Amino acid sequence: MKRFLFSAAVLLVAFVSVNAQPHKRCEDWRDRFRSERVAFLTAEMDITPAEAEKFWPVYNQLQEERDKAQKEVMDAYRELETAVAEGKTGKEMASALDRYRDAVKKRHEISDATCDRLKKVLPVEKVAKYYVSEEKFRREQIHRLHRNDHCGPERPDPVR
């Protein structure tokens, strides 16, 4: 009986530690991604130290707002998806749909306000570089994902 309890305890500890690792990897990945984005934007935008002092706090606040808005969109989407899958009543489905639309609208409002807020701390040329740099970084990340399946060696670029 002692041997069984000991084995069960060891298995439980192993199970908990294995399940805890993916979260750490996700956090490490997010931190690395954010660091890469900061380095990329800094280099591409060619911002001066004085501009950086003003830009990064605004950027970080905007990023937090965007992340929060995206989370609200995804939560509302899951609620809507569940309502559809479970065949909820029209009133419940309408409520879920309204919540989803409101969340998407809020996300767009934040996106629309970004340019105005950045123009207050950077010259318009740097704001334009910001948008170009963000898109370049996004595309670079997409291409990186296509080249690397995270389960094996990097794949060669597809023939175009």
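Q: How close do the axes of helix H3 (residues 90-119) and H4 come, and at roughly what angle do they cross?
A: In this predicted model, the crossing of H3 and H4 is right-handed. Ser 111, Thr 114, Cys 115, Leu 118 and Lys 119 of H3 meet Val 124, Val 127, Tyr 130 and Tyr 131 of H4 there. The two axes come within 9 Å and cross at roughly 145°.

Q: Is H2 parallel, perpendicular or oblique to H4?
A: The contact between them is made by Glu 51, Phe 55, Tyr 59 and Arg 66 on the H2 side, and by Lys 126, Tyr 130 and Glu 134 on the H4 side, and the crossing is right-handed. The axes of H2 and H4 come within 13 Å and cross at roughly 45°. An angle under 35 degrees would count as roughly parallel and one from 65 to 115 as roughly perpendicular, so H2 is oblique to H4.

Q: Which helix gives the largest share of the largest nonpolar core?
A: This core has 14 residues, and those with the most contacts inside it are Met 45, Phe 55, Trp 56, Leu 118 and Tyr 130. Two or more residues come from each of helix H1 (2-45), helix H2 (49-85) and helix H4 (124-147). The largest share amounts to 6 residues, and the helix that gives them is H2.

Q: Leaving aside neighbours within four places in sequence, which residues is Trp 56 in contact with?
A: Trp 56 is among the residues with the most contacts inside the largest nonpolar core. When its neighbours within four places in sequence are left aside, the residues in contact with Trp 56 are Val 38, Leu 41, Thr 42 and Ile 47.

Q: Is Glu 134 buried or exposed?
A: Glu 134 is found in helix H4, where it is one of the residues that make the contact with H2. Leaving aside neighbours within four places in sequence, it is in contact with Arg 37, Leu 41 and Tyr 59. Its relative accessible area is 15%, and because the cut-off is under 20%, Glu 134 counts as buried.

Q: What is the relative accessibility of Ala 96?
A: Ala 96 lies in helix H3 and, not counting residues up to four places away in sequence, touches Glu 79, Leu 80 and Ala 83. Ala 96 and Val 84 are 12 residues apart in sequence, with a C-alpha to C-alpha distance of 9.4 Å. Ala 96 counts as buried, at a relative accessibility of 1%.

Q: What is the phi of Asp 46, a residue other than glycine?
A: Asp 46 lies in the loop between H1 and H2, and it is exposed, with a relative accessible area of 52%. Most residues other than glycine have a negative phi. For Asp 46, by contrast, phi is positive, with a value near 55°.

Q: Over which residues does pLDDT stay under 50?
A: The mean pLDDT of the chain is 82, and 76% of its residues reach 70 or more. One stretch, however, stays under 50, and for that stretch the model has 0 contacts beyond four places in sequence. The stretch in question is residues 4-18.

Q: What pattern does the chain follow along the sequence?
A: Buried residues make up 21% of the 160 residues in the chain, and residues 24 or more positions apart account for 64% of the contacts with a separation of 6 or more. The chain has 4 helices and 0 strands, and read along the sequence its pattern is α-α-α-α.

Conventions
Residues are numbered from 1 along each chain as its sequence is written. This is a predicted model: local features need pLDDT of at least 70, side-chain atom pairs count only at pLDDT 80 or more; totals for chains, interfaces and linings use all residues. Side-chain values use heavy atoms; hydrogens and water are left out. A nonpolar core is a set of buried Ala, Val, Leu, Ile, Met, Phe, Trp, Tyr and Cys residues joined through side-chain atoms within 4.5 Å. Buried means under 20% relative accessible area, exposed over 50%, partly exposed in between (1.4 Å probe, protein chains only). Contact means heavy atoms within 4.5 Å. pLDDT is the predictor's confidence in each residue, from 0 to 100. Axes are lines fitted to C-alpha atoms, for helices over the stretch in contact, and angles run from 0 to 180 degrees between N-to-C directions. Angles under 35 degrees count as roughly parallel, over 145 as roughly antiparallel, 65 to 115 as roughly perpendicular and the rest as oblique. A crossing is left-handed if the near helix is turned anticlockwise from the far one by less than a right angle, and right-handed if clockwise.
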